[in-house]
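Good morning, and thank you for making time for this presentation. I would ask you to look first at the structure on the screen, and then to follow me through it region by region.

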Amino acid sequence: MTTPSEKVLKILSSLLDMDWIAYHSSLKADIEWCIYVIKEQKIYQTNIQADKEELIEYVNWAVNEQLEVAEQEIPIKIDTYMNIPLYEKYGSEIESLLADSHKWDFDIFNFEIVTENQSLQIMTNHLLSLYNLYQILSFDNKKFMSFINEIQNGYHKDNFYHNATHAADVVQSFYYMLNTCQAIDICKLNDFDIGVCIISAAIHDYDHPGVNNIFLINTYHSLAIMYNDKSVLENFHVASAFKVLYEENNNFIEGVQKEDSKRFRMKCIGLVLATDFARHFTDLGKFQLRFSNCGVTDEEDRLLVMEMMMHASDIGNPSRPWKFCYEWANKVMNEFFAQGDKEREMGLTISNLCDRHSVIIPKAQIGFIELFIEPTFNILEIVLPNVNENVKYAIENKEHWKETMDNNNAN
Ligand SMILES: [Zn+2]
């Protein structure tokens, strides 16, 4: 037997589960208040302020019933997500930008401005909510928000390239591949895999010092010593991020089953280590050999594709529409040049692409596209045909760089 009030409660509760409600804190609070009123059977209750005691007596006399004096505090659960003050200010703008987050021409720079430099936190949380992963995977929302906030703050703001905007960009890029390039359907990725992809992308360059592995190895940096010169930064990013995660307030996977929690850790480590450039050619070879004649069949295949999507998302800027490609290229080259300046100061050999006095940016970018971008996306296309869009942009961008170079030479 179902009563109308039960039905109303069910409808209201299902409203609360909807993603868009999360952006409207006052509406969410109102719905929670409605649920409270119905559950507590207070629908006809009249609230009278305490300072009008003479009235209470009068009303009590009239209805012969004790009325509550002051408006009762209603326990409303407000999670950290709702405490992001930005939603109060820019909720609808953020919401409409996020509605385009599956697109390859998503403007991460504008998103960073609108979110007042909280793009990583907001993008990541949006995707976990969108796929309903808090509920399905038993991720604790409050602890996740604390975790991702610490991760976001741990990215160095003064890095030209390896900062939180790059991390948010990689998260968005991964989502484009999962969704628009249909990786979820084609590879039959489960909810757990989706969670791993989103979180690995978010942490993959955590606490990046703005110099590369070669610099750390050549200067006998403590990180290079710690990780024996092997995937130094990648090991450091993932190890440090897990250190943050295992802090009491941040451990959002605490409620996950022990075996799943181990699997989660193992896969995240795999994905972050796959961002090491030193693996580029071997990984491409492995991928081509595996998928040239057959599709994705098992868990191992899925991990291979996830790792390649991670690598492609990480380096994919030159395959974005020209205005983004251009902006990212300047950022990455500035970071390289800053490393070159340091090397010059320290009397070290200046690393490839790091000498601001000799490197020609358009030429370097064309080389990067031909050597890394085209092969990566051509190979990924074997499994995900839609990444063909990236290849098209990469070819177009090479032409733009050639024009830029010709114009520079003409002046
Ligand atoms: Zn990166």
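I begin with His166, which is found in helix H9. Before going further, I should say that what you see is a predicted model. Is His166 buried or exposed? It has 24 C-beta neighbours inside 10 Å, and a residue is called buried from 20 upwards, so His166 counts as buried. Leaving aside residues up to four places away in sequence, His166 touches Tyr161 and Asp205.

His166 also appears in the UniProt record. That unreviewed entry places the feature "binding site" at His166, His204, Asp205 and Asp314. These positions are spread over 149 residues of sequence, yet they cluster in space, the largest C-alpha distance being 9.9 Å.

Let me take His204 next. His204 lies in the loop between H11 and helix H12, the latter covering residues 213-218. Because His204 has 28 C-beta neighbours inside 10 Å, it too counts as buried. Which residues does His204 touch, not counting those up to four places away in sequence? They are Ala167, Val170, His237, Val272, Thr275 and Asp314. Asp314 is one of the positions that the UniProt entry lists under "binding site".

The same unreviewed UniProt entry type gives us one further position: the feature "active site" is placed at His162. Where does His162 lie? His162 is in the loop between helix H8, residues 141-154, and helix H9, residues 164-179. With 24 C-beta neighbours inside 10 Å, His162 counts as buried. Apart from residues up to four places away in sequence, His162 touches Asp205, His208, Gly210 and Glu335. Asp205 is also touched by His166.

I now turn to the overall picture. The protein has 20 helices and zero strands. Of its 411 residues, 37% count as buried. Among contacts between residues at least 6 apart in sequence, 71% join residues at least 24 apart.

With this in mind, we may return to H9 and consider how it packs. Two packed helices are described by the angle between their axes and the distance between the axes. H9 and H11 pack at an angle of about 155°, with their axes 7 Å apart. Angles over 145 degrees count as roughly antiparallel, and H9 and H11 are therefore roughly antiparallel to each other. On the H9 side, the contact is made by Ala167, Val170, Val171, Phe174 and Leu178. On the H11 side, it is made by Ile194, Cys197, Ile198, Ala201 and Ala202. H9 passes H11 in a right-handed crossing.

H9 also meets helix H6, residues 119-130. The axes of H6 and H9 come within 8 Å and cross at roughly 20°. These two helices are therefore roughly parallel to each other, and their crossing is left-handed. Ser119, Leu120, Met123, Thr124 and Leu127 in H6 meet several residues of H9, among them Ala164, Ala168 and Tyr175.

The next element is helix H17, residues 299-315. How far apart are the end C-alpha atoms of H17? They are 25 Å apart, which agrees with the 24 Å that its 17 residues should span at 1.5 Å a residue. Of those 17 residues, 12 are buried, so H17 is largely enclosed by the rest of the structure. The buried residues include Leu304, Met308, His311 and Asp314. What covers the buried residues of H17 includes H9, H10, H11, H15, H16 and H19.

Helix H20, residues 388-410, can be checked in a similar way. Its 23 residues should span 33 Å at 1.5 Å a residue, and its end C-alpha atoms are 34 Å apart, which agrees. The buried residues of H20 are Asn390, Tyr393, Ala394, Asn397, Lys398 and Trp401. They pack against helix H18, residues 322-345, and H19.

I close with a residue in helix H1, residues 4-16, namely Ile11. Ile11 has 10 C-beta neighbours inside 10 Å and so counts as exposed. The C-alpha atoms of Ile11 and Ile35, 24 residues apart along the chain, are separated by 9.9 Å.

Key. Residues are numbered from 1 along each chain as its sequence is written. This is a predicted model: local features need pLDDT of at least 70, side-chain atom pairs count only at pLDDT 80 or more; totals for chains, interfaces and linings use all residues. UniProt positions are given in the numbering used here, feature names are shortened, and annotations may be inferred rather than shown by experiment. Helices (H or I, at least four residues) and strands (E, at least two) are DSSP runs, numbered from the N terminus. Two residues are in contact if their C-beta atoms, placed from the backbone, lie within 7 Å. The expected span of a helix is 1.5 Å times one less than its number of residues. Axes are lines fitted to C-alpha atoms, for helices over the stretch in contact, and angles run from 0 to 180 degrees between N-to-C directions. Angles under 35 degrees count as roughly parallel, over 145 as roughly antiparallel, 65 to 115 as roughly perpendicular and the rest as oblique. A crossing is left-handed if the near helix is turned anticlockwise from the far one by less than a right angle, and right-handed if clockwise.
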